[in-house]
Amino acid sequence: MESAVWIILLPLLTAFFLGIFKLYSDKLFYSLVIVSMVIYLYLLILVINDSYPPKVYSIGNWGLLGINLMVDSFSAMFLLIIAILFITVIIFSLNYIKVNKHKFIILTYVMIAGIAGMVLTADLFNLYVFLEVSSMSSYALTAIKKTDKSIESSFKYLIMSTFGSFFILLATILTYYLTGTLNMAEISLEFKSVPFMIKSTIMFFFIFGYGIKIGLVPLHAWMPDSYEASPIPYNVLSSGLVMKSAIYALIRLLYVIFGVEFLTESGILNIGVFWGVLTFIIAHTLAYQQSNLNRLLGYSSIAQIGYITIGLFLGNEKGLIGGSFHILNHGIMKGTLFLVLGIFYYSLKADEIEDIQGLGYKFPVLSFTFVVAALAIVGLPPFNGFISKWLIIEAAIEAGFFYAAFFILVGTFLSLTYYLKVIIKLYTKTEKKTLIEKPDLSLKLPTFFLGSLCILFGIVPSLPLSLINNIPKFLLNNSEYIRILLGG
Amino acid sequence: MITPGFLYLAGALFLFLAINNKIKYIISFLITTGALIITFYLTPGYSLEINFLNYTLIPFRVDDISKLTGLIFTLSGLAAVFYSINISSRSNLQLIFLFIGSSLTVVFTGDLFILYIFWELMEISSSFLIITVSDLTKKTGYYFFLMQAVGGLSLLWGVFLNHSATGSLSLNAIEAGIPFFMIAVGIKLAFIGLHTWMPQTYSKVPFYVTVVLSIYTTKVGVYVMYRLLSGINILAYAGLISALFGIVMALRQNQVRKLLSYSIITQVGYMIIGISIGSAAGITGAFFHLINHILYKTVLFMVAGVVIYTTGKENLEDLGILGSKLPITSLATLVAFMAISGVPFFNGYMSKTIIKEALQEPVLIWGLNLMSFGTSLMFLKFIYYAFFQNSNINLNRKPTISMQLGLGFLTIIMLLIGINPFLLENLTNIDVDINYFDIKLMLSGIQPFLWSVIVFILLKKYLVKEYRRFIYYDIYREMAKIFVKIGYKLSIYHNGKLSKYLLWATTTLIILLSLLI
C-alpha cells in the first residue's frame, strides 16, 4: 500500500487506539505513542525522499472521481516540518503536560492527521475537510487547560476561524457549481472559461477565509489571545504548523487553480505584498508593547507570517524559495523559543518578561539557546533566519518591490527592539529567590535539537534548500502540476 | 590555510576547554601570538574562494592595506587580551575573541556578503560583551546594539542596492547604495550626529572592555570606508567638521574616558580626510595614522584603566595618581601624549605629516593644523591634571603585572615607530617618499603643539574648570519615544472583545471586495 496514504491514516488510527488504551493502561498508551511516532518518522522520510518528481496516489481505484493525493516538493517540505516539530513536541509534552495529558496527545495526533491531509490532498473538498479536522482539534487544544482564560480565547478562536471557514466553504461550493469538479487539476482547466470577475470574487473569498487562519493583520486578533492561554507545546505546533498549513493551502490554490498569470493580471500579488508589509510592521509595533512572553511570541509569529506572505506573493522563483524556506525556519526558530519558554514555565511558572529576570545565570545553556533562536528570528547572521530573509529581500528587489524589501529591513530592526529587551532581562541579575523544579533531559533534548538546527541551517543552508529549490517548478508552472495530477 | 580571524574565532570555542587559569593563559597566548605570526607572513595577492548559495564568495584576500591593518589588529589584540586576561571572566574573554576574530575577518574579506556577516557578528559580540559584563550597562548595551543594528542594516541595504545594480558582490564594484554605505560607516566610526553611542558606552563599561572596543569598532569603520567610499572628496570636509566637533566636546569633559572618546572622533577625522582625498599618499597616511592612533589611544585607555583599577574613580582629578606612584604608567602617558600631539620623533608626527603633505586645498590644511592644535590642547588638560596638580589620592591596589605588560609592550612599539618612521614603510613595502626629519616639516609639525602650550597657559582658568554637565538632546531617543507611544495607542485598540475582532474582519472583507471593482 502506498506510504503517502499512511501518513494521514497512521496518526488518525493511533489517535483512535490511544483513546481506547487510555482506559486500560498507561504503559500501553505510552508505548503506542512511541512506536507510532517512530514508524511515522520512517514513513515521512520515505515519502519526502520520494517527492521529486511528484507522485500521485489515487485511492480506491476510482480514477479521477476518487480522492487523489499528490506529493510534490512543497508538500514534502511540510512533511519535513511535521517530522521535525511533531516528534520534538510529543517528546517534550510527555513530560511537560500535567493536566489532561492523554487528551492532549490524542488531539495532537488528530491535528497532525488533518495537517498531513491538507498538504497531501489534491482535492478541493478534502482540503476543506482536513482543514476543519485540524482546526477543530486546535480549538480543543487551546481550551485544554480549562481555565477561564483558555476557554474564552478558544471561543474567540472558534468564532473567528469559523467565520473564515464559512468563506472557504462558500468559495469551494461556488467553484464546484461553476466547474462541476473538485479535482484541482480539472478545476484549473475548467477555470479558463470562467469570467474574470467571478473568478476574482472566488479568489478573494479564499484569501479572506485563509487570511483569518493565517492571521494577517487585522484578522489576527484571536491569535495572541489564544497563545496566551494554551499549553506551550501546542503553541509550537500552532505557529509552526497550523498557521503554516493554512498558508500552504492558500498558495497551493492560488498558484495551481488560478495560475500565476491570473494572479498577476488581477493584481492580487501587489495586494499580497502590501498586506504582508502592513502585517509585520503593525505586529512588530504591537509585540514591543507586550509584557507576556506568549503574546510577544504570538505577535512575532504574525510578523514572520508577513515576511512569508511577501515571499510567496512575489510570484517569482526566488520569492517562492525564500518564502518556503522561511516557513521551515520560522517553525524551527519559534519552536525553539517556545520550548525554552516552556521549560521556564515548567520550572518557575515564568511567562511574563518580569519573571524571567536573571534566568540567564540559572540556565546558562538554555538561555544561550534562547538567544540564538531570538537572533535567528530577528534575522541576524549567521543563523538560518538571515538566509531566508536574504532570499526574500533579493526576490523582492528582483520583482521590483523595493519598498517591501526596504521595510523588511525596518522590520528586522523593530523585531530587534523587543527581542533584545527580553534577552537583556534574561541577563539582568536579581536577588529574588525562586523555586525551581529541575527540568530533566526529556525537556531539554528536544529544545537543544531545534536550537542546533537554527545554527546548522544557517551555516549549511544547502541541506534544506536542495529540497526547497524544486518547489517553484510545480507552482509557477501549473500546467506541469496538472499534467502529473491527471496522470499524463 | 588558517586565517587570523578564523584562528580567533576558533579560540573563542577553545576557551570552553579552559577549566583553570593556566589553560586560559596558554590558549590565549597561543591564539594571539599565532594570529600575529600568521598575519606577518601573509603574502599580498593571496585569495581564497568558496561557493555559498549561488554566489562565489571570497572570505579571504590579502593586499598591502589589509595586511597592514591586520598586523596592527593582531598586535593590539595581543596587548589587549593580556591587559584584560586577569580581570575578565571566561565567557567575556570568549566574546572578546569572537569580536576580534570577526573584525579581522572583515579586514581580510573580499566580498560584501562576508563583510556584512562579520560586520554583524562584530556588532552582536560587542553588544553582548557590553550587556553581560556589568549590571550598570544594560541600557547602554541596548542603545549600542540598536544603533549598531541600524548601521548594519543600512550596510545590508546598500549591499542589496549595489547587488541589484551591478549583479556582483565584489568590493571593487560599488556603484549604487552609496548613501547607505555612508550611514553604516558613519555609525561605526562615530561620525558627528551618529556618534551618540560612543561616549556613553566607552565611559560606562568596565575599563578593559573600553580598551578592546576602542581598538576595533571605529577602526573597522575606517577600513571599510577605505574599501567602499574612498576618494569622495566632499567627505574630507565632513571629516574636518566632525573632528572639530570632537575637540569642542572633548574640552568640556570631566571624565577621562569621555574625553578620550571624543578624542577618537577627532583622530578618526584625520583618517576620513586622508581616505577622502583618495590619492595613494592620503590613503597611506590614513592607514599609518590608524596604526599610530590605535597604539597611543589604546595606551591612553589602558592608562585610564590603571587609574580606575587603582583608585576606583575616573574623573580628571583622579589622574593625579600618576606621577611617582605609577612610574611605568606615567612614562607611557607621556609618550602617548607626545605622540597624539604630533611632536616630532614620536609616532603621531609621521602619519600627520603624510596626510598634511598629501593635501592640496588650503582650507583642509588649515583645518588640519587646527585639529592638531585642538588635540594637543585637550591632552594638555589631561597632562595638567596628571602631573601638575597637587593631589593626595592613594593607591587602593597595585596594577597587575599583565596590565603593565600590555601597556609597556605598546609603548615600546610606539617609541620604535617614532624614532624610525621608515619601519612601517619597510614592513609593508609601501613607499611614501617623505623625509620625516626635514627641518621645515618638523617645524610645521611642532607649531600647533607650541601654540597650544601658549594658549593653554594663557587661558588656563577657562580650560581647567568643572563644566556643568548638560543633558544632550538625543533625537534617536525622541524617535524611540514616538514609536513606543504609537505602539501603546495601537495596543489599546486590542481589548479582547470578540465583537471588535469581527468588526475588523468584516471591514477587511469589505475593503477586499471593493478592490474588485
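# A tour of chains A and B

In this predicted model, start in chain A by selecting helix 1 and helix 2. Ser3(A), Ala4(A), Trp6(A), Ile7(A), Leu10(A), Pro11(A), Thr14(A), Phe17(A), Leu18(A), Phe21(A), Lys22(A) and Tyr24(A) are the helix 1 residues that meet helix 2 of chain A. On the helix 2 side, the partners are Leu28(A), Phe29(A), Leu32(A), Val33(A), Ser36(A), Ile39(A), Tyr40(A), Leu43(A), Leu44(A), Leu46(A) and Val47(A). Colour this contact by residue class and you will find 19 nonpolar, 3 polar and 1 charged residues.

Now show the two helices as cartoons, residues 3-24 and residues 26-49 of chain A. Their axes come within 10 Å and cross at roughly 175°. An angle over 145 degrees counts as roughly antiparallel, and helix 1 and helix 2 of chain A are therefore roughly antiparallel to each other.

Next, select residues 222-229 of chain A, which form helix 9. Is this helix enclosed or open? Of its 8 residues, 8 are buried, so helix 9 of chain A is largely enclosed by the rest of the structure. The buried residues are Trp222(A), Met223(A), Pro224(A), Asp225(A), Ser226(A), Tyr227(A), Glu228(A) and Ala229(A). To see what covers them, add helix 5 (124-142), helix 6 (148-179), helix 10 (232-266) and helix 12 (293-313) of chain A. The cover also includes helix 21 (498-516) of chain B.

That brings you to the place where the chains touch. Here 39 residues of chain B are in contact with 39 residues of chain A. On the chain B side, helix 5 (112-133), helix 6, helix 20 (475-493) and helix 21 each supply at least two residues. Which of these helices gives the largest share? Helix 6 of chain B does, with 12 residues. By class, the side of chain B that touches chain A has 28 nonpolar, 8 polar and 3 charged residues.

Stay with helix 6 of chain B, residues 138-166, and select His163(B) within it. His163(B) counts as buried because it has 20 C-beta neighbours inside 10 Å. Then pick Leu112(B), which is 51 residues away from His163(B) along the chain. The C-alpha atoms of these two residues are separated by 9.1 Å.

Finally, zoom out and colour chain B by domain. The assignment gives domain 1 (1-166 + 180-229), domain 2 (234-472) and domain 3 (475-516). Between domain 2 and domain 3 of chain B, the C-alpha centres lie 53 Å apart.

Technical notes
Residues numbered from 1 in each chain as written. Chains lettered and ligands numbered in written order. Predicted model: local features only at pLDDT ≥ 70, side-chain atom pairs only at ≥ 80, totals over all residues. Axes fitted to C-alpha atoms, helices over the stretch in contact; angles between N-to-C directions. Helix = DSSP H or I, 4+ residues; strand = E, 2+ residues; numbered from the N terminus. Parallel < 35°, antiparallel > 145°, perpendicular 65-115°, else oblique. Contact = placed C-beta atoms within 7 Å. Nonpolar A, V, L, I, M, F, W, Y, C, P; charged D, E, K, R; others polar. Buried ≥ 20, exposed ≤ 12 C-beta atoms within 10 Å, placed from the backbone. Domains from an automatic or database assignment.
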